[in-house]
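Q: Could you take me through a close look at the main pocket of this model and what surrounds it? I'd enjoy one connected account.

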Amino acid sequence: MKTIPFNKIWLTGKECQYIAQTLHAGKTCGNGEFTRRCEVFFEEKLGAERCLLTTSCTDALEMCAMLADIGPGDEVIVPSYTFVSTALAFVRQGAKVIFVDSRTDSPCLDEQQLESLITSRTRAIVPVHYAGVACDMDVVLKIAERHHLLVIEDAAQAVDSFYKGRPLGTIGHLSAFSFHETKNIQCGEGGMLVINDSRFVKRADILLEKGTNRTEFFRGEVNKYGWVDIGSSFLPAEYVAAFLWAQLEELDDIQTKRKSIWNAYYKLLQGIPELVLPILPDYATNNAHAFYVICATPSERTALIAYLKDNGIHSVFHYLSLHKSVYAEKRHWNTVCLPQADRYSDCLLRLPLFYELTVEEVDYICRVIKTFYESRR
């Protein structure tokens, strides 16, 4: 029996060629030609003030926390239903994360609950665009402006997705993208910081260069460089950027294929009343990062995962509610009741979605799911 994996990386065919170019040029550390190509690509595509490649989305989020001067005593509002990096970046700076629940119709944060969570110590709101589908950013921005808060978008899954015509990652003051191998565009591990507020540009260069003003030195603005701020080694190797560039050249083709797969799933699974399918708000676009279904109960999801596996299909659940994590319990941050985050943690199931997934395989997966539910009626 053929096995269908949950994810499979796709290579454009130019990754090795471009990596070899970096080796022959004798330039393997970051900030070379391919790094700049990737950054300019996104600066032009997004219309952002500045884009900086990082070794991961986690690193980009940590840079956001540093740029925002988050520190002990500060509070940052973060959805509970997200990957740990969304919260961890701010916790590392000493902040307390305040967890917000998800919407009833979407794993994205519930914008209507934000205002009740704001205190005099709140410094930032971090919306996560789950599966590349936008949060209602007008609501988020209005609340942030009213309370003089920063908005930091976790756009890890949101490449080539939009909110009312605006690219995700360009709406908040800062944002972070991921190029992990599970994302639409990938280079194994990789990320990007997007700066939409000019006051953060100069310091971002310093943080990227381990807290030195090395970038100013290379631009000839100072005659020597030294240690001037905090920072870390956030910059990826040049061959990582070369790999990423090969993917970016094929972005439109990749997106067209992924959207066709997503649409096929949606069409074929619509007739199963037991399942809740993704909802796309009228203010958002779909970048086909993930296709998920929501089961009625945790036991139903467990049974469906096992049934799919028995039929050669690898499906996975996703995040566990951060407010119920061991770390949150140790910090006594687990006293809140967030029923929607728990519902998605318990009942959301992700189906295989990758470039080389065929129409026939999607049809097979959907037929297996239909058979599962027919046998339970």
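A: Happy to! Helices and strands here are DSSP runs, a helix having at least four residues and a strand at least two, and they are numbered from the N terminus. Please keep in mind that this is a predicted model.

With that in hand, start at Phe-83, which sits in the loop between strand 2 (75-79) and helix 4 (84-91). Phe-83 counts as partly exposed because its relative accessible area is 47%, a value between the limits of 20% and 50%. Together with Val-84 and Leu-88, Phe-83 makes a nonpolar surface patch of about 250 Å².

Phe-83 also takes us to the largest pocket, whose volume is about 460 Å³. Its lining has 24 residues, and Phe-83, Ser-178, His-180, Thr-182 and Lys-183 are the ones that lie nearest the centre. Helix 3 (57-67) and helix 4 are the elements that give two or more residues to this lining. Of these, helix 3 gives the most, with 3 residues. By character, the lining of the largest pocket divides into 12 polar, 8 nonpolar and 4 charged residues.

For comparison, the second largest pocket has a volume of about 200 Å³. It is lined by 13 residues, with Asn-31, Arg-36, Glu-39, Arg-50 and Thr-215 nearest its centre. Here helix 2 (33-46) gives the most, with 3 residues. The lining of the second largest pocket divides into 6 charged, 4 polar and 3 nonpolar residues.

Notes. Residues numbered from 1 in each chain as written. Predicted model: local features only at pLDDT ≥ 70, side-chain atom pairs only at ≥ 80, totals over all residues. Heavy atoms only, no water. Patch = residues over 30% accessible without salt bridge, like charges linked within 9 Å, V, L, I, M, F, W, Y side chains within 5 Å. Areas by Shrake-Rupley, 256 points an atom, 1.4 Å probe, with all protein chains shown as cover. Salt bridge = Lys/Arg side-chain N within 4 Å of Asp/Glu carboxyl O. Buried < 20%, exposed > 50% of the residue type's maximum accessible area, 1.4 Å probe, protein only. 1 Å grid on protein atoms, 1.4 Å probe; cavity = no way out; pocket = protein on both sides within 12 Å on 5 of 7 lines; lining within 4 Å. Points joined across faces, edges and corners; volume = space filled by probe spheres on them. Nonpolar A, V, L, I, M, F, W, Y, C, P; charged D, E, K, R; others polar.
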